Amino acid sequence: MNKGEYTLQRESEFAWRIDPTGKMRVPGVVYADESLIEGMDDKVFEQLANVASLPGIVQAAYAMPDAHWGYGFPIGGVAAFDPDEGGVVSAGGVGFDISCGVRCLRTGLTVDDIEPHKKKLADQLYKHIPVGVGSTGRIHLNDKGMQGMLRGGARWAVEQGFGNPEDLEHIEERGCMAGADPAEVSDRARKRQQDEMGTLGSGNHYLEVQRVAEIYDRNTAAAFGLQVDDVVIFIHCGSRGLGHQIGTEFLKYMVLAASQHKIELPDRELACAPINSELGQAYLGAMRAGINCALANRQIITHLTREVFADVLPKADLTLLFDVSHNTCKVEAHRVQGGERKLYVHRKGATRAFGPGHPEIPETLRAVGQPVLIGGSMGTESHVLVGTEQGADLSFHSACHGAGRAMSRHQASKQWRGRSLVDELAERGIQIRSPSMRGVAEEAPGAYKDVRAVVDAAEKAGLARKVARLEPHVCVKG
DNA sequence: ATGTAC
């Protein structure tokens, strides 16, 4: 199939390859069905080819089934770099919302428990959890608090009384990203964050109360503690102003660094620095502090959610299934051409998906594999998947992260009215609360790809296996 | 994603 100036070779029903041309060092590989490929903007393939031309890239540049056009790297993109081969780290390859991710909580409730209380639940969650552009919370960090948060992540949040130590076992990195260097986080980034802890933010961020609508894999669902009609909560948000400020600042520095290190950038947005350089290390230190910010943020929001449930539905017991980020660069051991190497894996709008037995998965889940949390668009379904063993060879253990946009925000806001969407969804039993009706219009379900097609493609490509489908009942929307 | 432009 031809997409723009690129020719895609069909490797299998769900895998497509762009052979290296021009400055590409490795192939580009896209996991998707034919219809998803057809729907992808030509820009996705151009961006994938650009990523494949960066120094030190290993094996291939990958795009997940939900891939769409992003800043420099495609969203839904995965690229691993070897520091010993001149590999780079890129702020645009992580994304501006550092460690944006999803956390899933079980509630111990069934849909019958919440049905009579949905409006109150929606109102109270909306009242209690700050949401929207520039939203601030009740937490105001001084210098010491900021330092503790940037180093400690969710562990810091638990020490401050937000949640309990058991939560930490079910968060990537056990809630605390090692190697964070707060000294690399600018005063401006700190200032932007000091009143924003425990806030959802805007755009596609949300907190959703959902019902388990269907189980695909009974054994894994049992291991995850999920059954049909159970109520679960998805929290989708990131590192707010802090992550954005870090991304913005380092992007500028990386444009200069790339030129100093004689790295040819096919696109300025791919600005990067060698991993083994002062700036590369500084970014990694700052980015890891950003990861801790996002982990702490989701931990505090969890605490606020527990407070609301204790009030509205006191028999609820909110326990953490898992917390996984989808905008990161992480050092991981991967087998490449027979040998094991330490690679810097960029996942931008892509979820880590470790298979069964992986040492970094919490012990209680290790036998089955890592939960892969896929947030659908507002008013549509979400999915829980599980990592596979073959994911190691397919995508450095990565899968999709959501439905993926099919239409720009601008286009969506012209096509839908927020108020009517909220009313239509309410008629279908879905309570939406949002400070921005324009935001709701931009996030219209119709502006996204079909999430079921995305997870089906991820499963059939072997990236992850479907476990459960979730349908929304209450959504607090950024 | 984002004090939706510094």
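**Exercise 1. Strand E11 and its partners**

Find which strands pair with E11 in this predicted model, and in what direction they run.

*Solution.* Start with strand E10 (residues 206-215): 6 bridges join E10 to E11, and the two run antiparallel. To fix the register here, look at Arg211, which stands opposite Val231 in E11. Next, turn to strand E9 (residues 101-110), joined to E11 by 7 bridges, again in an antiparallel arrangement. For this pair, a handy register mark is Gly101, which stands opposite Cys237 in E11.

Now work out how E11 is covered on each of its faces.

*Solution.* Recall that in a regular strand the side chains alternate between the two faces of the sheet. One side of E11 carries Asp230, Val232, Phe234 and His236, and these are buried. The other side carries Val231, Ile233, Ile235 and Cys237, which are buried too. The count for the whole strand, residues 230-237, is therefore 8 buried residues out of 8, where buried means under 20% relative accessible area.

**Exercise 2. The surroundings of His401**

Locate the residue that UniProt lists as "active site", and decide whether it is buried or exposed.

*Solution.* First, the record: an unreviewed UniProt entry places the feature "active site" at His401. Second, the place: His401 sits in the loop between strand E19 (398-399) and helix H14 (409-415). Third, the accessibility: His401 counts as buried because its relative accessibility is 11%. Fourth, the neighbours: beyond four places in sequence, His401 contacts several residues, among them Asp66, His326, Thr351 and Leu373. With Asp66 there is also a side-chain to side-chain polar contact, at 2.6 Å.

**Exercise 3. The surface near DNA strand B**

Describe which residues surround DNA strand B and what kind they are.

*Solution.* Begin with the nearest: of the 16 residues around DNA strand B, Val133, Arg192, Ser202, Gly203 and Asn204 come nearest. On the DNA side, sugar and phosphate make up 53% of the atoms of strand B that come within 4 Å of the protein. Then sort the residues of this surface by kind: 2 are nonpolar, 7 polar and 7 charged. As for secondary structure, helix H8 (187-193) and helix H10 (240-260) each supply at least two residues, and H10 gives the largest share, 3 residues.

Now pick out atom pairs between side chains and DNA strand B.

*Solution.* For a base, take Arg188: one of its polar side-chain atoms lies 3.1 Å from a base oxygen. For the phosphates, take Arg409, with a side-chain N or O atom 2.9 Å from a phosphate oxygen. Glu196 likewise has a side-chain N or O atom 3.1 Å from a phosphate oxygen of DNA strand B.

**Exercise 4. Helix H17 and positive phi angles**

Follow helix H17 (residues 451-461) from its start to just after its end.

*Solution.* At the start, a side-chain oxygen of Asp450 reaches to within 3.0 Å of the backbone nitrogen of Arg452. Along the helix, the buried residues include Val451, Val454, Ala458 and Ala461. Just after H17, Gly462 has a positive phi of about 95°.

Then compare the settings of Glu173 and Phe396, non-glycine residues with positive phi.

*Solution.* Glu173 has a phi of about 60° and lies in the loop between helix H7 (165-168) and H8. Its relative accessible area is 21%, so Glu173 is partly exposed. Phe396 has a phi near 50° and belongs to the loop between helix H13 (391-395) and E19. Here the relative accessible area is 0%, so Phe396 is buried.

Terms used
Residues are numbered from 1 along each chain as its sequence is written. Chains are lettered from A and ligands numbered from 1 in the order in which they are written. This is a predicted model: local features need pLDDT of at least 70, side-chain atom pairs count only at pLDDT 80 or more; totals for chains, interfaces and linings use all residues. Side-chain values use heavy atoms; hydrogens and water are left out. Buried means under 20% relative accessible area, exposed over 50%, partly exposed in between (1.4 Å probe, protein chains only). Helices (H or I, at least four residues) and strands (E, at least two) are DSSP runs, numbered from the N terminus. Two strands pair if DSSP finds at least two bridges between them. UniProt positions are given in the numbering used here, feature names are shortened, and annotations may be inferred rather than shown by experiment. Contact means heavy atoms within 4.5 Å. A polar contact is a pair of N or O atoms within 3.5 Å; within protein, one must be able to donate a hydrogen and the other to accept it, and residues adjacent in sequence count only if both atoms are side-chain atoms. A residue is near a molecule or strand if one of its heavy atoms lies within 4 Å of it. Ala, Val, Leu, Ile, Met, Phe, Trp, Tyr, Cys and Pro count as nonpolar, Asp, Glu, Lys and Arg as charged, and the others, Gly among them, as polar.
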